[in-house]
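Colleague: Before we go through this entry, could you show me how to read its features one by one, giving the general idea and then the case at hand?

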Amino acid sequence: MTTASRDTVVSIVLLLFCGFLIWAGYQIRDPQFGELPPAAWPKGVTWVLTGFCVVYFVQSIIADRARTPDDTAPVVDRAPGLIGWFRYYFNPIICLSLYFAFLATLPYFGTLIGGTLLVFALLSFLGGVTPRLLVIHALIAVISVGAMWALFTFGLRVLLPRGEIFPGI
Amino acid sequence: MIIENVLTAVSELATFKTLFLMTIGAMAGLLAGAIPGFTIAMAIVLTLPFTFGMEPSQGVATMIGVYVGGLSGGLMSGILIGIPGTPSSVATTFDGFPMARNGDPGFALGLGVWSSFFGGIIATILLVAIAPQLAKVGLEFQPWDYFALIFFALTVTASLAGDNMIKGLISGALGLIIACVGEDDINGVQRFAFGNDFLGEGFAFLPVLIGLFAFSQLMSDVRDTASARKSLTDMGDVRVRIEHRRAITTIFSDWINLVRSSLIGVFTGVLPAAGSAISNILAYDQAKKASPTPEKFGTGHPGGIIAPEAANNATAGGALITMMALGIPGDIVTAVMLGALLIHDVIPSPAFISEQPTIAYAIFIAFFFANFLVLILQTGALRGFVMVTRVRMYVLASIILVYCGIGVFSLNNITNDMWTLAIFGVIGYVMRTLKFPLAPMILGVVLGPIAERWLSRSLALSTDVTEFVTHPWSLFFLIASLFSMGFSFYQKDRGKKVWALWYAPLLMLALTVPLFMMGGMVRPVLAGLMIVWAAWMLIKLPGNARSIRAA
């Protein structure tokens, strides 16, 4: 028995998404005027997308069937299983989590403080933590975000989000 | 009239502020191009937030500076360390790096720098000559033709995804879906919003673009801790003097290669979505085939540097031709420029050059001037590149990540755009990981609303769908779309399978139908010539088929 490849799994997820889009297409209100109803274009594109996803699914299934047990799986330098996957994508996951945390705390910290904390956290997470590195990272964070903030605030006259904790900046 | 437009555009550009901005842009492009892992598209999307507050011509001039700089910067790292700074310099490394290792790095850099310059100048000449003429053709277009043109652009984009054509098509269709979210432009009805305010506002194009391209690229760059902590290069102290005179003499002695490669670059740029990543390899391949010493390619042959570098810079000119004449982005970079122009309420279309001559001519002049600027900067700032490539990737990535957020916020001054950026950063990263090409999705997002608008206008004029095949230009683009969908299969089987021999003559014969329908003098004559050529290919077909079967 051959196991489903990643492409097969992705194509199934896409087909489910297409199903959702088809349903959502029918929820679009029709104002009953104009030659092209607002739902027509999204519905058309959804059906086209569904067609492509069906082709992708069939291609993946055929590729899976053509695979013999002797075929070697593509070489991936990560351990199998969920923990292996998590370890492999650990850096992007943490970076994204930090970024989302920055966005969530933006109303409290504001751009200058929040941005500095984010750069410092990213640098320390990715670059390692030693007393010397921490000082360097702190300096890089303060200088880079400070320069950016000053450039946008005073140079480009953009009113960047300010925080509740430090309303002045 | 033309002289007046040129003078007005020159007076707009010849200010200290614009020249300074262009210089900064070109420098930023050169640095971004020199850093392996960064792309020109990423450099240009990061420049965007600064251009919002500028005059349209200033903003576009700055972006052109980045664009030309990025195209030229890639050759530095490609020649000196063997890692192309951008995909547009991949073929440059084939001969540039061996030449540098053979003890001739100054000559290799000279060839790269001057080929880029000459390629850019040839492209400028073609841009100025072709864009207004193509725009005149574009004025013949009716809504049906526009819709078919955009359909063609989307199919070409997807077909260029190579082996992953189906993934390219899915990516393009997903881009069209993303563009549907929010309020519909025509009727003001909310689509795919589900009562949610965030979705109801729709996704602004630029946060989507920066998320998909820059944000996801940064995530990819830091995935592996060890490589993220390394300096970008271990070049040591590079003391190279660019050999200008020797390089220029060699390029002039190989002028056929230079002109051919530049034409390949321009032509590739004109095609929607076929950018410099493709043109440099095509030009290298043709230079090798045409050379009397093809066996020397790959060992440090000057022709192997001239071809890709001339082609990749010339591609920019080709992409600008399509954007300015038809309002269709030739590649990701011109898609960003299109977005930037739209922010300034400037809508590129066939009428663009006649209605907005100052901006149009400013683009011509900026592109011409950017090539000189980059030549000067490149010559003087080699040590600066070396310093930049010593920075560790994680430092750059962390700072740019925050910069992306701040830059996106400055677009509309709403934090929703920052969330959009992060969400599309995740989507972009997932797509990269699953090997879905991002370019079709970006073009889907850009072209989707335009296509829908033209479709709506077509149907408002007539509900008869046969109009799409009775209008010659529409039929022309629909036929071209049909064949472009089979292009990747043709490319794969060319010279190997008999069916591929039918592709070119059938395409030519099919295209003669709309050409005859257009009437006039030139086009039917052109169609007649195409019939003769196709007939010649069909006569030779049995012989070619036999040799393929024998092989």
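Colleague: How far apart do the C-alpha centres of domain 1 of chain A and domain 2 of chain A lie?

Modeller: Please keep in mind throughout that this is a predicted model. Chain A is divided into domain 1, residues 6-75, and domain 2, residues 83-155, and the C-alpha centres of these two domains lie 37 Å apart.

Colleague: Into which domains is chain B divided?

Modeller: Domain 1 of chain B is assembled from the segments 2-185, 203-223 and 245-456, while domain 2 covers 468-550. Their C-alpha centres are separated by 30 Å, and the contact takes 14 residues from domain 1 of chain B and 12 residues from domain 2 of chain B. On the domain 1 side, helix α7 of chain B (residues 143-159) provides the largest share, with 9 residues, and by class that side divides into 8 nonpolar, 4 polar and 2 charged residues.

Colleague: How should I read the interface between the chains, and which helix of chain B supplies the largest share of the side that touches chain A?

Modeller: In general, the size of an interface is often given as the accessible area lost when the parts come together. Here we have residue counts instead, with 46 residues of chain B in contact with 49 residues of chain A. Helices α8 (165-180), α11 (225-229), α20 (393-412), α21 (416-433) and α22 (439-461) of chain B each supply at least two residues of the side that touches chain A, and the largest share, 10 residues, comes from α20(B). That side of chain B has 32 nonpolar, 9 polar and 5 charged residues.

Colleague: Which residues have the most contacts inside the largest nonpolar core?

Modeller: The general idea is that in soluble globular proteins, nonpolar side chains tend to be buried together. The largest nonpolar core in this model has 223 residues, and those with the most contacts inside it are B:Val45, B:Val60, B:Ile150, B:Ile363, B:Ala366 and B:Ile442. Helix α18 of chain B (residues 357-380) gives the most to this core, with 16 residues. To take one of the well-connected residues, B:Ile150 is in contact with B:Ile328, B:Leu447, B:Ile450, B:Ala451 and B:Trp454, once its neighbours within four places in sequence are left aside.

Colleague: Is B:Phe192 buried or exposed?

Modeller: B:Phe192 is buried, because 21 other C-beta atoms lie within 10 Å, and this residue sits in the loop between β2 (190-191) and α9 (197-200) of chain B. Although B:Phe192 is not a glycine, its phi is positive, at about 50 degrees. B:Lys435 also has a positive phi without being a glycine, at about 65 degrees, and is found in the loop between α21 and α22 of chain B. B:Lys435, however, is partly exposed, since 13 other C-beta atoms lie within 10 Å.

Colleague: Why is B:Val6 counted as partly exposed?

Modeller: B:Val6 has 17 C-beta neighbours inside 10 Å, and therefore counts as partly exposed. B:Val6 has its place in helix α1 of chain B (residues 2-13), and its C-alpha atom is 9.4 Å from that of B:Ala360, although 354 residues separate the two along the chain.

Colleague: What span should helix α27 of chain B have?

Modeller: At 1.5 Å a residue, the 29 residues of α27(B), 522-550, should span 42 Å, and the end C-alpha atoms are indeed 42 Å apart, which agrees. The agreement should be read together with the local geometry, as α27(B) bends by about 45 degrees at B:Leu541, with a proline, B:Pro542, following within four residues.

How values were computed
Residues numbered from 1 in each chain as written. Chains lettered and ligands numbered in written order. Predicted model: local features only at pLDDT ≥ 70, side-chain atom pairs only at ≥ 80, totals over all residues. Expected span 1.5 Å × (residues − 1). Bend = angle between axes of the 7 residues up to and from the residue. Domains from an automatic or database assignment. Buried ≥ 20, exposed ≤ 12 C-beta atoms within 10 Å, placed from the backbone. Contact = placed C-beta atoms within 7 Å. Nonpolar A, V, L, I, M, F, W, Y, C, P; charged D, E, K, R; others polar. Core = buried A, V, L, I, M, F, W, Y, C linked by C-beta atoms within 7 Å.
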